[in-house]
Amino acid sequence: MMNIAVAQSGGPTCAINASLVGVFREALKEKSIDAIFGSINGIEGMIENHLIDMKTMISSNGDMDLLRQTPSTVLGSCRYKLADWREDNKVYQQIVNTLVQREIGAFFYIGGNDSMDTVNKLSEYFAEKKLDIKVIGIPKTIDNDLCVTDHTPGFGSAAKYVAATLREITRDSTVYSIPSVTVVEIMGRHAGWLTASTAILHALGETAPHLVYVPEVKFSLEKFLKDVRRQMTKHKAVIIAVSEGIEVPEGVQSGVVDNFGHKYLSGIGKYLENVIRSEIGCKVRSIELNVMQRCSSHICSWTDITEAEAIGAAGVRCALSGETGMVMVFKRVCDMPYTVDIQHVDASEVANKEKFLPKGYINSAGNNITDHALDYFLPLIQGEPNLIMEMGVPKHFTLQESVLK
Ligand code: F6P
């Protein structure tokens, strides 16, 4: 018999709790697994021995149903970068103390590329110390920028939200007779996947987004203004999707960075709004979708949620088969009918690496997305959950504030 622990890390998504349900549900089925611990605030909980008993936390199928539809990370999250264990192993020893004291034989880390760095380092350290503790990474991120995997849990729901919201913004923007421009700022740090997914609207016969700017294409303000003026000759209300990650002049963004050195991005939409106002002088509005794009579970993709649960469960089976230092990945078998396989790869293939939009998804002018990308995006946003509601609002599964920090 052994105990296991699971933690959630990095930026929230609508699907991380579904992966937690996947790990929990699969572990419950296993006779060789006794206690299932949830680590509070990702790896920080393992360092500080701040764990909760998940069998007490989740006491029924109803709890699992609620958790599956609850956005964000019920166990809290962190952006914690482990030092190289060859240089400083103090924190590693603290983690080992927690694991040994709690008799934990497998640790599951649900996170993005930075969290896969933790999976990689921990599995290396345990191997060095000859500790038989399995470490498995379960992917997630709305940025969809993890290497090897076809896509990441959380992305499909975020893509569904941004596409649906852009469609709604398009209806709202076209009511007046005067010309206007609306700039919609979308998350995604260095990769343009989520911004590009707004082009899903083209498959529905919408002309919007009329312009799409992603970090994969070098941004020129001069060309941008030319593009906008050109689109204004064709459309009364021009809708622009812009990634938070495009290169902008110093000072537009705050300059604050997290533990991994990633800049806190935001403000590009407002900046472009001001430029358009002063250079073109038309009615202009900017909309920053901000955290809503990663926590709007009322419009999540059911495909995303069910896949997130399945990949969490597959992680448990992977550890039980004796693997460690692995990250679970999706391999797309077919676009239509959409089919994926779940496999695992060495964490070093995923840790600290980023996957960018393929060149073929970006048009030759570098200001929109080709129809070629639609076969990739569309299957990921399909399906809606049958939401459990309370007083007209989706119900969430929450822990008492005192449990979290
Ligand atoms: O996790 C990815 C992400 O949501 C990015 O899209 C975004 O730039 C970043 O996280 C925001 O970080 P934070 O949640 O720390 O503000």
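**Exercise 1. Work out whether Asn363 is buried, partly exposed or exposed, and where it sits.**

Step 1: start with the area. Asn363 has a relative accessible area of 21%, so it counts as partly exposed. The cut-offs are under 20% relative accessible area for buried, over 50% for exposed and partly exposed in between, with a 1.4 Å probe and protein chains only. Accessible areas themselves come from the Shrake-Rupley method with a 1.4 Å probe, and for residues only the protein chains shown count as cover.

A word on the input: this is a predicted model, where local features need pLDDT of at least 70, side-chain atom pairs count only at pLDDT 80 or more, and totals for chains, interfaces and linings use all residues. Residues are numbered from 1 along each chain as its sequence is written, and side-chain values use heavy atoms, with hydrogens and water left out.

Step 2: place the residue. Asn363 lies in the loop between β11 and α13 (374-377). Helices (H or I, at least four residues) and strands (E, at least two) are DSSP runs, numbered from the N terminus.

Step 3: list its company. Leaving aside neighbours within four places in sequence, Asn363 is in contact (heavy atoms within 4.5 Å) with Asn368 and Thr370. Val212 is 151 residues from Asn363 in sequence, yet their C-alpha atoms are 9.7 Å apart in space.

**Exercise 2. Do the same job for Ile299: find its exposure class and its contacts.**

Step 1: with a relative accessible area of 23%, Ile299 is partly exposed.

Step 2: the loop between α11 (292-295) and α12 holds Ile299.

Step 3: once neighbours within four places are set aside, Ile299 touches Ser157, Lys160, Tyr161 and Ala164. Take Tyr161: it is 138 residues from Ile299 in sequence, with 6.2 Å from C-alpha to C-alpha.

**Exercise 3. Trace how strand β2 (residues 33-39) is held in place by its partners, and say why it is largely enclosed.**

Step 1: count the burial. 6 of the 7 residues of β2 are buried, so the rest of the structure largely encloses this strand.

Step 2: look at β1 (residues 2-8). β1 and β2 run parallel and share 4 bridges; two strands pair if DSSP finds at least two bridges between them. One bridge links Val6 to Gly38 in β2. Between the two strands the chain passes through helix α1 (residues 16-29), a right-handed β-α-β crossover. Right-handed here means that, with the strands pointing away from the viewer, the path from the first strand over the helix to the second runs clockwise.

Step 3: turn to β3 (residues 51-53). It pairs with β2 in the antiparallel sense over 3 bridges. Gly38 has Ile52 as its bridge partner in β3, and Ser39 has Leu51.

Step 4: zoom out to the sheet. 7 strands make an open, mixed sheet in the order β3-β2-β1-β4-β5-β10-β11. The edges are β3 and β11 (338-346), each with a single partner strand, so one side of each has no neighbour in the sheet. On average, neighbouring strands are turned by 30 degrees against each other, direction ignored.

Step 5: add a helix. Helix α6 (residues 113-128) lies across β4 (104-111), β5 (134-139), β10 (326-335) and β11, at about 170 degrees to β5. Axes are lines fitted to C-alpha atoms, for helices over the stretch in contact, and angles run from 0 to 180 degrees between N-to-C directions.

**Exercise 4. Sort the side chains of strand β8 (residues 237-243) by direction, then find its partner strands.**

Step 1: 7 of the 7 residues in β8 are buried.

Step 2: Ala237, Ile239, Ala241 and Ser243 point one way, while Val238, Ile240 and Val242 point the other way.

Step 3: β6 (residues 180-186) runs parallel to β8 over 7 bridges, with Glu185 bridged to Val242. β7 (residues 211-213) is also parallel to β8, over 3 bridges, and Leu211 stands opposite Ile240. From β7 the chain goes through helix α9 (residues 221-234) to β8 in a right-handed β-α-β crossover.

**Exercise 5. Check the radius of gyration of the chain against that of a compact globule.**

Step 1: the rule, with the radius taken over C-alpha atoms, is 2.2 Å times the number of residues to the power 0.38. For 405 residues a compact globule would come out near 22 Å, and the chain has 22 Å, which agrees.

Step 2: add the burial figure: 58% of the 405 residues count as buried.
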